[in-house]
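The following note sets out several points for discussion. Please read it alongside the sequence and the coordinates.

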Amino acid sequence: MKNGNNIILIGFMGTGKTAVGKRLAGILNMDFYDTDQEIERITGMSVTRLFYKHGEIRFRSEEALMIHKLIKKKNSIIATGGGIVLNSENINLLKNTGYLVCLTAKPEVIYERVKRRNNRPLLKKGDTYETIIALLQDREELYRCADFTVDTSNMDFEEIINNILKFLSEQKANN
Ligand code: S3P
């Protein structure tokens with residue numbers, strides 16, 4: 001049993017966590033939070049600027065602080081940055097407050113989704129596709145902490161949402 005009824009979206013960059021989270025929040029009449037957007041609001045800086053001005057370590061510490069704040073929320077959907085799983089404490093805290101839903105996608109799909117946007121500092125160095133492959137490999141194991149995983153590679157938006165809704169109704173039925 002979970003201590004809370006939040007739904008936490010984890011997964012690699014470009015898997016649709018923010019868009020899916022917003023839509024789910026609308027359907028389920030829950031509040032919506034996005035860790036990157038909250039960090040930007042609190043620091044007054046874009047994630048990109050934060051990375052360049054203060055470095056990744058500072059960003060990760062803002063991220064961990066934000067998790068401590070967001071776990072106090074109830075009835076909320078929380079979309080997280082792709083690197084949230086790098087800190088096991090983040091995951092333990094989030095897991096306690098609700099269901100962890102992981103969105104995944106094949107590297108080539110991720111590449112197509114992220115290539116036009118310029119807001120992800122980790123993908124700006126070197127060859128983007130190679131970086132995606134390397135980061136996915138590093139993190140693959142970490143994303144397995146999820147209670148439910150949806151491979152979004154061949155799904156449209158509605159299918160992703162319906163898959164998650166189905167999982168949630170099964171959980172309700174079992175509890
Ligand atoms: C990151 C993912 C980004 C953002 C930052 C670092 C990562 O969020 O938090 O650029 O380490 O994977 P999205 O997953 O929303 O793109």
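**Comments on the model**

1. N75 and its setting. The model under review is predicted. N75 is partly exposed, its relative accessible area being 31%. This residue is placed in the loop between α3 and β3. Its phi is near 50 degrees, a positive value in a residue other than glycine.

2. N29, a further position with positive phi. N29 is not a glycine, and its phi is positive at about 55 degrees. It belongs to the loop between α1 (17–28) and β2 (31–34). With a relative accessible area of 65%, N29 is exposed.

3. Overall architecture. The protein contains seven helices and five strands. Their order along the sequence is β-α-β-α-α-β-α-β-α-α-β-α. The radius of gyration is 16 Å, close to the 16 Å that the globule rule gives for 175 residues, so the protein is as compact as a globular protein of that length. Along the principal axes, the C-alpha trace spans about 45 × 35 × 30 Å.

4. Burial and contacts across the chain. Of the 175 residues in the protein, 46% are buried. If one takes the contacts between residues at least 6 apart in sequence, 73% of them join residues at least 24 apart.

5. Surface and charge. The protein exposes about 9300 Å², of which carbon and sulfur atoms supply 49%. There are 26 positive and 22 negative side chains, and the centres of these two sets lie 6 Å apart.

6. Strand β1. How many of the six residues of β1 are buried? The strand, residues 6–11, is mostly covered, with six of its six residues buried. In a regular strand, side chains alternate between the two faces of the sheet. In β1, N6, I8 and I10 point one way, while I7, L9 and G11 point the other way, and all are buried.

7. Pairing of β1. Which strands does β1 join through bridges? Strand β4 (residues 98–104) runs parallel to β1, and six bridges join the two. Within this pairing, L9 stands opposite V101 of β4. Strand β3 (residues 76–79) is also parallel to β1, and three bridges join that pair. Here I7 has I77 of β3 as its bridge partner.

8. E38 in helix α2. E38 lies in α2, which covers residues 35–43. Is this glutamate buried or exposed? Its relative accessible area is 13%, so E38 is buried, the cut-off being under 20%. Leaving aside neighbours within four places in sequence, E38 is in contact with Y33 and M66.

9. M66 in helix α3. M66 is found in α3, residues 47–70. Its relative accessibility is 5%, and M66 therefore counts as buried. Neighbours within four places in sequence set aside, M66 is in contact with T35, E38, I39 and I42. One of these, I42, is 24 residues from M66 in sequence, and the C-alpha atoms of the two are 9.3 Å apart in space.

10. Points to inspect in the model. The contact between E38 and M66 links a residue of α2 with a residue of α3, and both E38 and M66 are buried. For the backbone, the positive phi values of N29 and N75 concern residues placed in loops, the former between α1 and β2 and the latter between α3 and β3.

How values were computed. Residues numbered from 1 in each chain as written. Predicted model: local features only at pLDDT ≥ 70, side-chain atom pairs only at ≥ 80, totals over all residues. Heavy atoms only, no water. Helix = DSSP H or I, 4+ residues; strand = E, 2+ residues; numbered from the N terminus. Rg over C-alpha atoms; globule rule 2.2 N^0.38 Å. Buried < 20%, exposed > 50% of the residue type's maximum accessible area, 1.4 Å probe, protein only. Contact = heavy atoms within 4.5 Å. Areas by Shrake-Rupley, 256 points an atom, 1.4 Å probe, with all protein chains shown as cover. Lys, Arg positive; Asp, Glu negative; His and termini not counted. Charge placed at Lys NZ, Arg CZ, Asp CG, Glu CD. Pairing = 2+ DSSP bridges.
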